[in-house]
Amino acid sequence: MQKVVAQRNYSDVMLNIGDANYGIFDGNAPYNEEKALNHIRRERFYLILPRVMQEAKVDMWIHVIRPWAWGGTDPLRYEFGSKSGVFIFTDQGGGNIEKAVFEGDVQDPDAYDIIGERYKYRSQQDYEFMDWSMDNPGKSYKSELDFRFEGIGDFVAERNPKRIAVNYMESLSFPEGSETFTMALTDGISYTDYVQLSKALGDKYTKRMVSAEHLILDYLSRRVAAEVVLYGSLRAQDGWGHGGKTRTFDNIVPGVTTLGEIGQASVINKDGNERGSDDYVIQRGDLIESSQGYAYVLLKGETDLPWYVRKFWDDDKKIREILRKNIQVGFSAGKTLKLLARKLEEAGFVYTDYQEYNKYVDHPRKTQVHLDLHAEGKGILAPRISPMGPKWHWNVKIRLFHTFAVEYMTYMSIPEWDRANNFRGQQLSGFFHDGGVVTDRGMEVPYPDRSNKIHIIQ
Amino acid sequence: MNENLNNEGKIMNKVQILLIFFSILLPQNLHSQFEEPKASPELMKLIREQKFEVILPHVMRDNKVDMWIHVKRKSDFFDFEFGEKPGIYIFTDRGGGRIERAVLGGQVDRELYDILAPESYLGKFVAERNPKRIALNYTDRASSFNSISLTDRKQLSKIIGKKYSKRIVPADRLAADYLAGRGMAEVALFGRLLMISTEKIEGEFNKIVPGKTRLSDISGNVFVRDYDGNEENNTDYVVQPGDLIGILNSANMMDFSEHNGGIGYVLRKGETNLPPEVQRIWEHALITRNIFRKNIKAGLTGSEQLEILIKKLEESGYVYIDKDQYDKTADPEKTQVHIDFHAMGRIISQEEAPRISPSGWGRDLKIPLYHTFTFEYMIHMPVPELGKGKHLYICIHDGVIVTERGVEFPAAPIQGIRIIR
């Protein structure tokens with residue numbers, strides 16, 4: 001079986017496509033990533049592109065990735081399979097979008113109907129303007145920029161679009177909303193390029209330009225089935241980050257095994273105090289949280305989980321069921337958050353906007369739940385079912401096969417721990433971060449998550 | 001795929017042939033070369049749990065069944081869905097959108113089942129729930145779903161009494177619907193297996209040395225047809241220039257399986273690219289793929305769907321043929337297309353599941369949302385310049401899923417006819 005690491009083997013394609021964007025490609029892939037990337041791109045062109053353009057009432061979309069930036073932060077470099085170029089998509093009716101790319105190399109030329117070399121367009125990258133000089137002896141040009149959008153004016157005029165989306169921002173703020181806060185999600189074209197493009201298009205078509213910001217986010221936020229495969233299958237095989245440690249919950253020996261031996265882990269001891277150093281020796285009464293999930297070490301004389309661990313786990317199951325049933329295709333993230341908060345309250349929880357225990361609520365003994373169900377897989381956090389993030393995160397609709405982090409926190413008050421710690425306010429906190437996908441049936445789980453079982457260690 | 005068998009009157013279903021090939025070949029050769037995903041306990045639990053949650057309530061209601069009893073004494077085709085242990089598995093629709101899951105007389109994962117009780121509890125259990133319609137694992141036809149033994153059937157009727165015995169119906173359609181339903185973990189698995197089998201097929205094509213390699217040296221279902229439709233299928237026939245070779249190969253995880261296809265052309269002396277007729281047949285493959293892709297949706301039965309596809313094919317200038325054999329009586333100018341879009345995923349579902357095909361029991365079953373199946377179609381293209389009745393043949397076999405948007409490819413379909421030098 002071929003074992004490749006995309007970042008190493010396809011450094012050109014994968015430049016800067018890492019943890020934030022397609023981190024799931026980075027290792028142990030059972031197949032050829034380039035083929036998978038090409039396939040997903042084509043599926044998206046076929047299934048998603050016509051929809052988002054029609055819904056945005058745009059019949060032409062021009063996206064400029066500047067060559068001198070080497071596609072470093074452009075959010076669509078993976079979608080279009082290139083780190084530089086001028087991409088033009090034209091709605092030709094009947095669900096057909098013509099796909100053209102100029103001034104750039106693309107990973108999968110067959111995904112496009114037109115590429116620059118086949119059209120009257122000069123590539124600065126290849127210094128083709130020198131050919132122009134050869135073809136036009138005695139003539140000169142003012143600047144290489146004269147060639148920047150050569151031919152685009154005619155290309156656009158031939159198609160006579162009514163509304164042209166271009167990748168500049170109009171209402172959204174800078175990179176907020178990307179997973180690393182480094183990608184300017186919707187803002188790519190430079191001032192110079194904008195000026196040159198306007199010149200090439202002429203007044204008539206320049207007036208028809210609109211911001212592509214929402215179109216870009218819409219395109220990024222939708223998924224095809226092949227992306228569910230990618231999301232689910234690679235996560236399923238990555239070993240759950242055991243970090244090469246051989247010890248699992250099953251062979252923990254209380255009083256002997258250290259946290260370091262079971263990989264990244266921390267414990268809450270029987271008095272509610274957290275311990276996380278690698279050399280901490282696991283004790284009876286510890287509740288262990290690690291990349292493998294949760295485990296509890298029985299105290300001497302105990303035969304089952306103590307009430308608070310049992311409740312912690314029962315609460316978790318109830319919360320998951322609420323999420324599973326109530327996250328639906330077509331709702332906005334904000335509307336979904338309101339719905340989930342209501343369902344949680346109806347089920348006896350306190351929904352909290354805070355990522356910490358809030359002692360000022362009406363019912364401080366009730367388990368508090370915080371949600372941050374943000375998108376995963378494309379470096380974009382929206383739609384984000386969460387009180388966090390900019391407003392537009394909440395306005396984005398949840399689409400078919402939306403892949404997202406099932407991230408939530410629970411805070412449970414335990415009177416015994418209060419007493420053991422001079423009423424300083426010790427609570428049992430749970431942090432869950434798994435993966436979900438939204439279908440017609442609600443939330444489903446595409447790969448085994450780590451937190452579906454609590455192990456009892458005798 | 002195998003006209004010779006048809007000619008001899010031994011008409012074997014293509015899927016049966018494939019299964020035989022794979023069961024013989026895979027364990028010896030391919031499994032050792034390619035790592036297939038392991039059925040980890042966590043993954044199996046997730047798949048089972050999801051099917052219980054999102055598929056079971058729908059299929060029980062669709063089949064108007066409020067209790068499903070599956071008596072399992074040994075390993076059977078529901079190992080994948082229910083678990084391997086024997087027992088009486090009882091699923092009861094008690095309202096509220098969830099199905100109660102019980103196992104009587106079996107040791108199963110307590111986290112997946114609500115009730116574990118001794119088998120002696122059966123009579124009381126059924127009576128307490130008072131079901132109106134009880135599906136039981138038998139059918140009135142020859143089928144793998146006929147799995148309850150005569151002894152068990154008699155014993156069960158005796159225990160639940162006349163009142164409830166009268167309410168028993170065959171579970172075959174319910175079972176087929178349940179097996180055909182896919183959770184997202186299965187969709188991810190399906191796509192991953194497709195990618196693995198594609199890699200395997202490429203590996204097999206890489207082995208071919210024209211003039212030396214025999215079809216029997218290549219793993220999978222390997223076939224070549226000449227211009228008269230005569231087929232060499234996994235024989236000692238040595239690959240020759242001018243051959244169009246088809247290879248089907250599979251990937252599995254337990255009883256979850258798919259198989260995929262690839263096509264290669266062996267260049268003749270002096271050829272540097274595919275000859276025009278081979279390029280032409282590939283273009284037909286793409287045109288017909290698009291017709292299928294645009295015209296399949298969830299909710300129709302296999303036979304209803306087939307009628308639509310036949311109409312669309314014919315409107316586009318093709319001749320639909322209900323056998324995988326060139327029809328010498330058809331318009332010699334037109335390319336002929338045969339379809340067998342059978343289910344993929346669960347091995348049993350390749351036979352006992354919704355099927356867009358001229359044959360098979362599953363033709364009358366509805367195609368569910370997220371149904372995983374194959375675009376298996378065969379193109380017989382006349383090549384009149386070579387003489388009357390001469391034709392080229394290819395078989396396309398790609399894994400697909402039907403979603404709200406139509407048909408999607410969870411993994412890359414065949415990209416073209418591969419050139420073998």
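Colleague: In what orientation do α9(B) and α10(B) lie to each other?
Modeller: This is a predicted model in which local features need pLDDT (the predictor's confidence in each residue, from 0 to 100) of at least 70 and side-chain atom pairs count only at pLDDT 80 or more, whereas totals for chains, interfaces and linings use all residues. Residues are numbered from 1 along each chain as its sequence is written, while chains are lettered from A and ligands numbered from 1 in the order in which they are written. The axes (lines fitted to C-alpha atoms, for helices over the stretch in contact, with angles from 0 to 180 degrees between N-to-C directions) of α9 (276-295) and α10 (302-315) of chain B come within 10 Å and cross at roughly 140°. Angles under 35 degrees count as roughly parallel, over 145 as roughly antiparallel, 65 to 115 as roughly perpendicular and the rest as oblique, and α9(B) and α10(B) are therefore oblique.

Colleague: How many charged residues does the contact of α9(B) with α10(B) have?
Modeller: α9(B) passes α10(B) in a right-handed crossing (the near helix turned clockwise from the far one by less than a right angle; left-handed if anticlockwise). With contact meaning that C-beta atoms, placed from the backbone, lie within 7 Å, B:T288, B:I291, B:F292 and B:N295 in α9(B) meet B:I308, B:L309, B:K312 and B:L313 in α10(B). Ala, Val, Leu, Ile, Met, Phe, Trp, Tyr, Cys and Pro count as nonpolar, Asp, Glu, Lys and Arg as charged, and the others, Gly among them, as polar. By these classes the contact divides into five nonpolar, two polar and one charged.

Colleague: How does α3(B) run relative to α7(B)?
Modeller: The axes of α3(B) and α7 (residues 172-180) of chain B come within 9 Å and cross at roughly 150°. That angle makes the orientation of α3(B) to α7(B) roughly antiparallel.

Colleague: How many nonpolar residues are in the contact of α3(B) with α7(B)?
Modeller: From α3(B), B:I55, B:L56, B:V59, B:M60 and B:D62 meet B:L174, B:D177 and B:Y178 in α7(B). Of the residues in this contact, two are charged, none is polar, and the nonpolar ones number six.

Colleague: What orientation do α12(A) and α13(A) have to each other?
Modeller: In chain A, the axes of α12 (residues 307-326) and α13 (residues 333-346) come within 10 Å and cross at roughly 140°. The orientation of α12(A) to α13(A) is therefore oblique.

Colleague: Which element gives the largest share of the side of chain B that touches chain A?
Modeller: The contact takes 31 residues from chain B and 28 residues from chain A. Helices (H or I, at least four residues) and strands (E, at least two) are DSSP runs numbered from the N terminus, and those giving two or more residues to the side of chain B are α3 (41-62), α8 (184-207) and β15 (391-403). The largest share, 10 residues, comes from α8(B).

Colleague: What is the radius of gyration of chain B?
Modeller: Chain B has 10 helices and 17 strands. The globule rule (2.2 Å times the number of residues to the power 0.38, with the radius taken over C-alpha atoms) gives 22 Å for 421 residues, so chain B is as compact as a globular protein of that length, its radius of gyration being 23 Å.

Colleague: Over which residues of chain B is the pLDDT below 50?
Modeller: The mean pLDDT of chain B is 89, and 91% of its residues reach 70 or more. One stretch, which has 40 contacts in the model beyond near neighbours in sequence, has pLDDT below 50, namely residues 1-33.

Conventions
Two residues are in contact if their C-beta atoms, placed from the backbone, lie within 7 Å.
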